[in-house]
Amino acid sequence: MVIHKNKFFIFCILFIFQLTIAQKNKALFEFQNTESVDNFLKKIKYKVNYEDVYIFRSFDGFFEYNKNGYLKGPIIYVFNSEGFFLEDITPLEVEEKLSNFKKIEKRAKKGAVTIEEWFSKIENFKDHQITERSSDFDYYFVLNWAIFFNKPDSINELFKWYDVLRRQKEEGQNIQIILLDMDLQDSWNLSPEKKSSILSQVNR
């Protein structure tokens with residue numbers, strides 16, 4: 001995969017700003033793969049359906065997500081049945097809104113991003129299959145997480161939210177849940193030199 005120098009330079013600035021300074025405990029960023037993500041999920045005390053776990057398909061998709069300010073967490077992004085972005089739910093709002101979907105914002109803002117735009121950039125971490133919007137769902141919930149969080153409380157909090165949504169889905173709620181792993185991925189097939197350059201920037 002070819003990465004233009006300007007794009008890579010902008011990425012490094014954005015990535016370092018949005019991720020590194022957000023960590024109270026300095027994280028060591030690494031490239032992950034199916035096995036490492038699988039091993040990490042097995043350590044989570046909550047049940048995780050692997051069909052819900054997604055990664056970015058490419059560096060370009062990751063770059064766009066980061067550039068547009070979505071690469072942060074723990075957080076939940078909510079989309080309506082038509083696929084339009086409604087709101088992001090912060091930790092202070094989670095209990096209220098996940099226990100009663102009627103309290104979720106109803107109207108999408110003009111020019112709101114769509115779930116289709118995000119689906120085009122992600123794939124299942126196991127089988128690398130993509131997903132599509134279905135008219136069967138009332139809501140789409142995207143939960144950002146990452147191994148690089150390196151903060152057990154944040155990871156536990158995020159997967160606790162996931163567990164609430166998973167149980168609601170099993171009880172009949174028409175929702176789709178996307179556990180979006182924001183880690184750097186080996187599957188992007190970047191050159192060793194490019195991977196090394198990225199890691200040297202984000203881990204300095």
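Let's start with one pair of residues: Phe56 stands opposite Ile122 in β5. Phe56 belongs to strand β2, which covers residues 53-56 and pairs with β5 in the antiparallel sense over three bridges. Keep in mind that you're looking at a predicted model.

**The sheet around that pair**

Zoom out, and β2 and β5 turn out to be part of an open sheet of six strands, in the order β4-β3-β6-β7-β2-β5, with mixed pairing. Which strands sit at the edges? They are β4 (85-89) and β5 (122-124), and each of them pairs on one side only. If you ignore direction, neighbouring strands of this sheet are turned by 30° against each other on average.

**A closer look at β3**

Strand β3 spans residues 75-80. Is it covered or open? It is mostly covered, with six of its six residues buried. Follow the side chains along the strand: Ile75, Tyr77 and Phe79 point one way, while Ile76, Val78 and Asn80 point the other way, and all are buried.

On to the partners of β3. Six bridges join it to β6, and the two strands run antiparallel. One example is Asn80, whose bridge partner in β6 is Tyr139. With β4, the pairing of β3 is again in the antiparallel sense, over four bridges. Here Tyr77 has Asp88 in β4 as its bridge partner. β3 and β4 also form a hairpin with four residues between them, and Gly83 in the turn has a positive phi of about 90°.

What lies across this part of the sheet? Helix α6 (residues 152-170) lies across β3, β6 (139-145) and β7 (175-181), running at about 160° to β7.

**Some backbone details**

Have a look at the loop between α3 (59-67) and β3, which is the place of Pro74. A cis peptide bond joins Gly73 and Pro74, with omega at about 0°.

Two residues other than glycine have a positive phi: for His128 the value is near 60°, and for Asn189 it is near 55°. Here is where you can find them:

| Residue | Phi | Loop | Relative accessible area |
|---|---|---|---|
| His128 | near 60° | between β5 and β6 | 34% |
| Asn189 | near 55° | between β8 (184-185) and α7 (192-202) | 59% |

Are these two buried or exposed? His128 is partly exposed, with a relative accessible area of 34%. Asn189 counts as exposed because its relative accessible area is 59%, and the cut-off for exposed is over 50%.

How values were computed:
Residues numbered from 1 in each chain as written. Predicted model: local features only at pLDDT ≥ 70, side-chain atom pairs only at ≥ 80, totals over all residues. Heavy atoms only, no water. Pairing = 2+ DSSP bridges. Axes fitted to C-alpha atoms, helices over the stretch in contact; angles between N-to-C directions. Contact = heavy atoms within 4.5 Å. Buried < 20%, exposed > 50% of the residue type's maximum accessible area, 1.4 Å probe, protein only.
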